[in-house]
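Please open the structure in your viewer and keep the selection tool at hand. The tour below goes from stop to stop, saying each time what to select and what is there.

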Amino acid sequence: MNCPRCHAELTVEDYRGIEIDRCPGCGGMWLDYGELDQLEDTVFDKDELKGSLMFRSFEGELVCPKCGGRMQLFNYRAYNLELDFCEQQHGVWLDAGEEKRVMELMKQRIKDIDRKGKAEEEWGNFLAKLGSPSFMDKVKGLFRK
Ligand SMILES: [Zn+2]
Ligand SMILES: [Zn+2]
């Protein structure tokens, strides 16, 4: 396979236990379908708490190294990071350094969830004093996103 960014030949490499294809030219990496999830799992493996993977996809400029189809860009988990993916579910392209961004954002996610959990707990204690279980459920619903 060739790099969709600079067209150098990709070389197979082990990255944190995942077999990825790295570009020796620009430093980007190709993740097969499912390997993005594996990469996230090296930091945070609670899939049900990760949120939606893709927000707002739109036409990109790269071509999939597997099928030659035009790739799409998507907003990664509503964070300020855009990644390229093949609609045929061949995989995801990460430019140099974006794999670190993914892992940072997963760490951020853990912190956010932790904070949210504490907020829910405090609300719970507060509302328990008020003794209003139905209101409590509504408030909990607000936090469940
Ligand atoms: Zn390249
Ligand atoms: Zn493809």
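A residue counts as buried if 20 or more other C-beta atoms lie within 10 Å of its own, and as exposed if 12 or fewer do. Keep in mind throughout that this is a predicted model.

**Stop one: strand S1 and its hairpin**

Select strand S1, residues 11-15. Of its five residues, the number that reach the cut-off for being buried is zero, so S1 lies largely in the open. Now add strand S2, residues 18-22, which pairs with S1 in the antiparallel sense over five bridges. To see one of these pairs, pick glutamate 13, whose bridge partner in S2 is isoleucine 20.

What is there to see at arginine 16, in the loop between S1 and S2? The hairpin has two residues between its strands, and arginine 16 takes a positive phi near 50° there. Most residues other than glycine have a negative phi. Arginine 16 is exposed, because 12 other C-beta atoms lie within 10 Å.

Step back next to histidine 7, which is found in the segment before S1. Histidine 7 also has a positive phi, of about 70°, although it is not a glycine. With 13 other C-beta atoms within 10 Å, histidine 7 is partly exposed.

**Stop two: the whole sheet**

Select the seven strands together, and follow them across the open sheet in the order S1-S2-S3-S7-S6-S5-S4, with antiparallel pairing. The edge strands are S1 and S4 (54-63), each of which pairs on one side only. From one strand to the next, the twist averages 35°.

Within this sheet, look at S6 and at S7 (residues 91-94), which pair in the antiparallel sense over two bridges. Aspartate 84 has tryptophan 93, in S7, as its bridge partner.

Then go to tyrosine 79, in the loop between S5 (70-76) and S6 (82-85). Is tyrosine 79 partly exposed or buried? With 16 other C-beta atoms within 10 Å, tyrosine 79 is partly exposed. If you also select phenylalanine 55, you will have two residues that are 24 residues apart in sequence and 9.0 Å apart in space, C-alpha to C-alpha.

**Stop three: helix H2**

Select helix H2, residues 98-130, and compare its length with what is expected. At 1.5 Å a residue, its 33 residues should span 48 Å, and the end C-alpha atoms are 47 Å apart, which agrees. Colour Glu99, Val102 and Leu105 in H2, which are buried. An α-helix has 3.6 residues a turn, so residues three or four places apart point the same way. To find what covers the buried residues of H2, show strand S3 (29-32), helix H1 (35-41) and S7, which are among the elements that do so.

**Stop four: the nonpolar core**

In soluble globular proteins, nonpolar side chains tend to be buried together. Which members of the largest nonpolar core touch the most other members? Of its 20 residues, Met29, Trp30, Leu31, Val92 and Leu94 do. S3, H1, S5, S6, S7 and H2 each supply at least two residues of this core.

End the tour by selecting tryptophan 30 with its surroundings. Leaving aside its neighbours within four places in sequence, tryptophan 30 is in contact with Met1, Leu10, Ile20, Asp21, Pro65, Gly91 and Trp93. Two residues in this list have come up before: Ile20 as the bridge partner of glutamate 13, and Trp93 as that of aspartate 84.

Technical notes:
Residues are numbered from 1 along each chain as its sequence is written. Chains are lettered from A and ligands numbered from 1 in the order in which they are written. This is a predicted model: local features need pLDDT of at least 70, side-chain atom pairs count only at pLDDT 80 or more; totals for chains, interfaces and linings use all residues. Helices (H or I, at least four residues) and strands (E, at least two) are DSSP runs, numbered from the N terminus. Two strands pair if DSSP finds at least two bridges between them. Axes are lines fitted to C-alpha atoms, for helices over the stretch in contact, and angles run from 0 to 180 degrees between N-to-C directions. The expected span of a helix is 1.5 Å times one less than its number of residues. Two residues are in contact if their C-beta atoms, placed from the backbone, lie within 7 Å. A nonpolar core is a set of buried Ala, Val, Leu, Ile, Met, Phe, Trp, Tyr and Cys residues joined through C-beta atoms within 7 Å.
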